[in-house]
Amino acid sequence: MLPNFINMLSGWQWALLGLIPPAIVALYFLKLRREPLEVPSTYLWRKSIEDLHVNSFWQKLRKNLLLLLQLLLVLLVMLALLRPSWRSSSLVGNRFVFLIDNSASMSATDVSPTRLENAKQQVRALVEQMASGDKAMVISFSDGASVVQEYTENRRLLQRAIDGIQPTEHATALLPALKLAAGAAESSEAGSDTNGGASGTLYLFSDGKFPNVEDVVLGNLKPVFVPVGNDEAKNVGIIAFNTKRHETDADQVQVFFQLANSGDKDEELDVALFRDNQEVDAKRVKVPAGKTVGDDFPPLRGAAEGILRLELRHKDPLALDNKAYAVLETPRRGRVLFVTPGNEPVQWALSTLEAQVRAELTIVSPDALTTADHQKAAAAGNYDLIIYDRCRPEVMPQANTLFLGRLPPVATEVGKVIEAAKTAPAGEKQAAKKLSHAYSLWTQAATASEVPVAKLPQVLDTDRNHPLMQLVELSELFIGSSLLLDLPPGGKSLLETTKGPVAGIAPRDGFEDVVFGFDIITEEGGERLFNTDWWRKQSFPSFWLNVLSYLGGGTQSQTALSVRPGELVRLRSLTPVKQLEVLMPNARRVKVAKGKSNDFPFTQTDQQGVYQFYEADKPAGRFAVNLFDASESDILPRDGLENPIQVGPMEITSSANFEATRQETWKILLILALLLLLLEWYIYNRRVYI
Amino acid sequence: MDQLLSPELMHRLERLELVSRKMFLGRMKGERRSKRKGQSVEFADFRNYTPGDDLRFIDWNLYARLDKLFLKLFMEEEDLHFYVVLDTSASMDFGTPTKLEYAKQLAAALCFVGLVRADRVKVETLSPGKLPSPILRGRRSTWRLFEYLQQIESSGGTSLAEGVKSFCVRNSGKGIVVLISDLMDKQGYESALRYLLAQQMDVYVIHTLSAEELDPDVKGDLKLVDVEDGDMAEITASAPLLKRYRQTLNAFVDGARQFCTRRGMNYVLASNQVPVDQLVASYLRKRGLVR
């Protein structure tokens, strides 16, 4: 066949089309032929005809009726050829991916009933428009994405899947959704398109409250952004809610909050503070248009423990950000173990009044490291922080650690690493083996003696932003000798010198390890010498207070843990238990099993509110989940035209009515023409009278 | 050879007799009372004797009384001259049964009645046929009647007037004449009927039309071809046209009826769907043709 010919009809359709001209010709001949009929006499007939010809208009019309029908037929065919059509927001293409945003901002009620429902309705309407043979997929996304319905032609399944999309209180991120869409589309359409990759149209229903994304290849998916939401939407939301205990008077708690007004009008509204569901304070706050305003309440008294709730008395489309929760807890002292052969400066620093407020200190000598009791306690997480001075354990404990002058061993359990080495995949066996026999993650050296040592390093800089180094000024610090550190993955340098980093912090399975390559006190030839003059500086006690605050595990800030909806929370137990029970804000109870790193990972933080967890039926702690997302509270939908979504190098522009496609009517016209033809044929053959 | 008349019909027809309103003069003794006074048993009237009359008819009783010679006049039982004129134009060869067939049946029935009553029956056709039309008398001639009737075929060409004129010329006697025709002649039927009138016969016009003519069932675009002269009329059959046709037909029939009744002729409209016996027994009886 002609290679460039686009065949729009199948074989039988061509055959049908081919029958039409002969039909017309047949009709034409039918018309011309007058059947001769013998009559005894045309005498009377002639008389009748004469009479008739004189009067009837209808007769003329009837004679011409068939002419009229022919004209109508030709007119219809001409119209059909002109392809009249009207604009409609209809689907283009045969493969569709519908991305529906069900984040917190989509619960706004500026379009009724909610933005999410509106988006769902639009998608449902599109699904109805699907022709047979079209496939579609539905993905819902907030800060993560999930495929609600795989590629299917079954419209009922699609509708059901769409109905089942529930609003969440999560923030919005587009990247996982796009990746999922591109990946799922590819996997479903493997081999179907000779151009490679999935082809089709990606419809993104969202209010656009997410940053532009990089690094996504959409392949042949053509993205269309459909903004959902009214651009007249005004919203005031809580984006921060904090408490701070008074420095000296432990009984007083100061409450801070921040409000953001995303509308174009200045708002003045009432903010109410509740403690344990009783209103304790209220304030009138003015928030100018488009601005964020921070304010506080007068200090609360007698607020040792309790649940604080902040409410905005303001009707706005998004109600999710009009409430915030905070949990007040009695400060808990951290449990700190100091393993040292003797280090008075540090001991003194750790025993100040301030330090005692923060943590409970236990001092042992390095010999204790080998005792079974200690090892059990360390493995059970009985301590929040273990400080190793000139010693190191065999196995890392279930606690934060701080090393002075030594490098930490490789893993929490040596046995585990060897096991891992044995079961590592072939290519990685070597690496795993090497790792299992490595001296430390903090150095390339294989043994302690090979670790590079720097003599008299000059301090260049500290990481002043890190909480540990707050108010710690070390520019003139004298260091005798220090091990040079090789920061492990995820590690940050705390103290940079001319020879390299000598102090760093790195995460390890939910804990953090701080390593100082230099001792405070060294032993050389039986004599105890100071390796550094830090102990004489003002920053020394501050540093140790920071250590206790940051690593010590005590809850100094009054606000217990607050996470965003959907975030993982690692719960810690005070005693070694196998599982914790969590009471969610909707009164459901969920059991949480112990995770790998001796904490209890809890993921069902989808709802805003206060969660309480129990250890063996005793309340063990609380935490709050709050939205606190400025971009979700700013519910003004993204104007897809002026501010198109950047996906890698591509821009997704929105179109107000999708692609204005031509809804073709020529097919209808031709069918009408065919019907007309049949009608004519009928009139003739049945000799219908008019 | 189809029977023109069924035996039952013939049986029924035997009991009928043809009636003429006018008393006619026949030349032979039939069963009629004729005004012509002649030799018969029934005494009718007297006449003065003139020399040369038959002496046998002198009424001697009357001479004895009046001393004058009178002749006795008797009612002669005359036979009726009964003519059936069949229109054998091509237009009669139409319909189911054809009008000609119907006419033949009708002729057969009427002639049979006449034959049974010893009337003089003659069947004529407008255009001369193969056989000469015989004069028939008596029951024994029935087969000859049927034979003649059956060989009659339609042939075109002769107009009504022409045919009737030639009939009148050939048959100048008086009697009953029954014209069985569809009167479909482009030149009109009036002149033909006037010829008949001039004969001073008792004229019966049986206007035979086929059902297709009375109620045509035509559809669509047709070219109507006249069987007699080949004239073609193109029509597009529609309800108004048919209505118009019926109106025209009714006007035609009424016109013929009026023409006839004004001139003292009897007119009967017969559709070829009406069975012959019904026509004869009821309609014609009403009209007074049969009794």
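User: Happy to dig into this one with you! How many bridges join β1(A) to strand β8 of chain B, and do they run parallel or antiparallel?

Analyst: Good place to start, keeping in mind that this is a predicted model. Strand β8 covers residues 220-226 of chain B, and one pairing to look at is Glu38(A), which stands opposite Val225(B). The count of bridges between β1(A) and β8(B) is five, and the two strands run parallel.

User: Which three residues supply more than any other three of the area that chain A buries against chain B?

Analyst: Let's begin with the whole interface: chain A and chain B bury about 3,200 Å² between them, with 66% of it on carbon and sulfur atoms. Of the area that chain A buries against chain B, 24% comes from the three you are after. They are Arg34(A), Pro40(A) and Trp45(A).

User: Which side chains meet in a salt bridge across the interface of chain A and chain B?

Analyst: The rule finds one salt bridge across this interface. Its N to O distance is 2.8 Å, which is within the 4 Å cut-off. The interface also has six residue pairs in polar contact, both residues of each being at pLDDT 80 or more. The salt bridge partners are Asp231(B) and Arg46(A).

User: Which element gives the most to the side of chain A that touches chain B?

Analyst: The contact takes 24 residues from chain A and 35 residues from chain B. On the chain A side, β1 (35-39), α2 (43-55), α3 (57-82) and α14 (666-686) each supply at least two residues. With nine residues, the element that gives the most is α2(A).

User: How many residues on the side of chain A that touches chain B are nonpolar?

Analyst: It helps to take the other groups before the one you want. That side includes four polar residues and nine charged ones. The nonpolar residues number 11.

User: Moving inside chain A, why is one side of β27 and of β30 left without a neighbour in the sheet?

Analyst: The sheet is open, with five strands in the order β27-β33-β32-β29-β30 (chain A) and mixed pairing. β27 (562-563) and β30 (589-593) stand at its edges, so one side of each has no neighbour in the sheet. The reason is that each has a single partner strand.

User: Which residue is the bridge partner of Glu581(A) in β30(A)?

Analyst: Strand β29 (residues 579-583) of chain A is joined to β30(A) by five bridges. These two strands run antiparallel. In β30(A), the partner of Glu581(A) is Lys591(A).

User: How many residues lie between β4(A) and β5(A) in their hairpin?

Analyst: Strand β4 (residues 135-141) and strand β5 (residues 145-152) of chain A run antiparallel and are joined by five bridges. Across the pair, Ile139(A) stands opposite Val147(A). The number of residues between the two strands of the hairpin is three.

User: Over which residues of chain B does pLDDT stay under 50?

Analyst: Chain B averages a pLDDT of 78, and 82% of its residues score at least 70. For the stretch you ask about, the model has 30 contacts beyond four places in sequence. That stretch is residues 22-29 of chain B.

User: And what ipTM does the predictor give the complex?

Analyst: For chain A, the mean pLDDT is 79, and 79% of the residues reach 70 or more. Over residues 190-198 of chain A, however, the pLDDT is below 50, and it also stays under 50 over residues 656-660 of chain A. For the complex, the predictor gives a pTM of 0.46 and an ipTM of 0.71.

Key
Residues are numbered from 1 along each chain as its sequence is written. Chains are lettered from A and ligands numbered from 1 in the order in which they are written. Side-chain values use heavy atoms; hydrogens and water are left out. Contact means heavy atoms within 4.5 Å. Buried area is the accessible area (1.4 Å probe) that two parts lose on being put together, summed over both. A polar contact is a pair of N or O atoms within 3.5 Å; within protein, one must be able to donate a hydrogen and the other to accept it, and residues adjacent in sequence count only if both atoms are side-chain atoms. Helices (H or I, at least four residues) and strands (E, at least two) are DSSP runs, numbered from the N terminus. Ala, Val, Leu, Ile, Met, Phe, Trp, Tyr, Cys and Pro count as nonpolar, Asp, Glu, Lys and Arg as charged, and the others, Gly among them, as polar. Two strands pair if DSSP finds at least two bridges between them. pLDDT is the predictor's confidence in each residue, from 0 to 100.
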